[in-house]
Amino acid sequence: MDQRMKIAITMGDPAGVGAEIIVKALSHVDVYKKCMPVVMGDRAVLEDALDFCGLPLGLHEIRNIDEAAGKFGEIDFIDFGLFAENGWEYKKNNAKCGEASFKYIVDAINLAMEKKVEAVITAPINKKSLRMAGLPYDGHTEIFAEYTGTKDFAMLLASKYLHVIHVSTHCSLREACDRVTKERVYKVIKLAERGMKELGYSNPKIVVSGLNPHSSEDGLFGHEEEREIIPAIEKAREEGIQVDGPEPPDTVFVKCQSGQYDIVVAMYHDQGHIPLKLNGFNYDHLHNRYNSVSGINCTIGLPIVRASVDHGTAFGKAGEGRANEESMIDAIFAGVQMAENRREKR
């Protein structure tokens with residue numbers, strides 16, 4: 001009996017690079033040694049990606065997860081039948097593409113909630129296309145939280161040498177400052193410990209970033225550290241969590257990357273995303289391409305496992321065969337590892 005776990009991979013926005021990075025990732029035999037991937041998407045889009053990438057892979061359409069063969073060289077997929085051949089346009093925001101990407105996600109969430117798959121891996125979606133379709137979501141994180149009934153959750157990013165989790169993500173910078181509260185910082189410290197344990201760290205070393213320059217330098221540049229962040233850290237320490245901070249934002253990521261800590265609790269979206277992407281992305285100017293697009297995005301706090309690529313729909317290169325699949329492979333392996341660690345915990 002095949003003991004490999006089944007995972008669902010959502011195709012993302014058809015106008016972007018989602019289908020391309022999926023078929024490229026599934027051209028690596030190592031993926032099939034770890035799991036049985038099933039793509040939630042559309043035949044026409046997957047066929048087009050295989051064609052312009054020149055990949056000699058077949059497509060195996062199934063109607064339910066139990067029919068998945070998990071055979072390298074033949075991609076198991078569930079066809080939503082939303083697009084005919086050439087029925088979409090690459091590089092363009094479109095309501096139909098936004099709605100399709102949403103449907104792939106919701107069905108995958110339902111499969112995971114029903115325990116028919118052990119992880120959901122997501123290709124990128126486009127916020128503008130979602131809004132054009134009348135869907136009031138800022139991204140995957142909010143969709144997963146709503147459809148799993150989760151109230152306390154956070155976005156965790158990981159590259160080879162850096163892990164970051166966020167107190168806030170998709171909101172204005174003004175609002176992000178207001179969201180730095182004792183309660184929220186404490187919850188994210190707890191989520192950081194949970195997420196790192198799911199990624200295989202038995203006793204993670206957590207460090208909390210300050211909000212203000214120099215972590216306010218004893219009140220010279222603000223008071224959020226004293227009033228909100230430090231009390232949250234002290235409360236977490238009382239519960240036995242290994243956590244330090246607040247460390248100045250301009251040095252905390254260097255300390256984590258050097259191995260002094262395992263994960264940084266960042267106060268807002270760009271504070272965490274910028275260093276993570278600088279760490280994971282490497283551009284080759286000579287050949288006009290990315291040599292590395294590593295890194296993953298996980299939603300911590302959910303009753304199911306969700307991991308994703310750490311980049312967007314990349315409309316600029318969609319449909320051309322130039323997209324790098326490294327982040328998708330990283331996301332698949334991370335999702336499998338998190339699911340395996342949940343198995344062991346159960």
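I began with the contacts of Lys 6, leaving out residues up to four places away in sequence: Lys 6 touches Met 36, Ile 65, Ala 68, Lys 116, Val 117, Glu 118 and Ala 119, where contact means heavy atoms within 4.5 Å. The model is predicted, with pLDDT of at least 70 needed for local features and 80 or more for side-chain atom pairs, while totals for chains, interfaces and linings use all residues. Residues are numbered from 1 along each chain as its sequence is written, and side-chain values use heavy atoms, without hydrogens and water.

I placed Lys 6 in strand E1 (residues 5-10); strands here are DSSP E runs of at least two residues, helices H or I runs of at least four, numbered from the N terminus. I noted a relative accessible area of 22% for Lys 6, which is partly exposed (buried is under 20%, exposed over 50%, partly exposed in between, with a 1.4 Å probe and protein chains only).

I turned next to helix H10 (residues 249-257), whose buried residues are Pro 249, Val 252, Phe 253 and Cys 256. They lie on the same side of H10, because they cover an arc of only 90° around the axis, taken from the directions from the helix axis to the C-beta atoms. I found Asp 250 and Val 254 exposed on the other side of H10. The buried residues of H10 pack against strands E7 (163-166), E8 (206-209), E9 (243-247) and E10 (263-266) and helix H11 (269-280). After H10 I noted Gly 259, with a positive phi near 105°.
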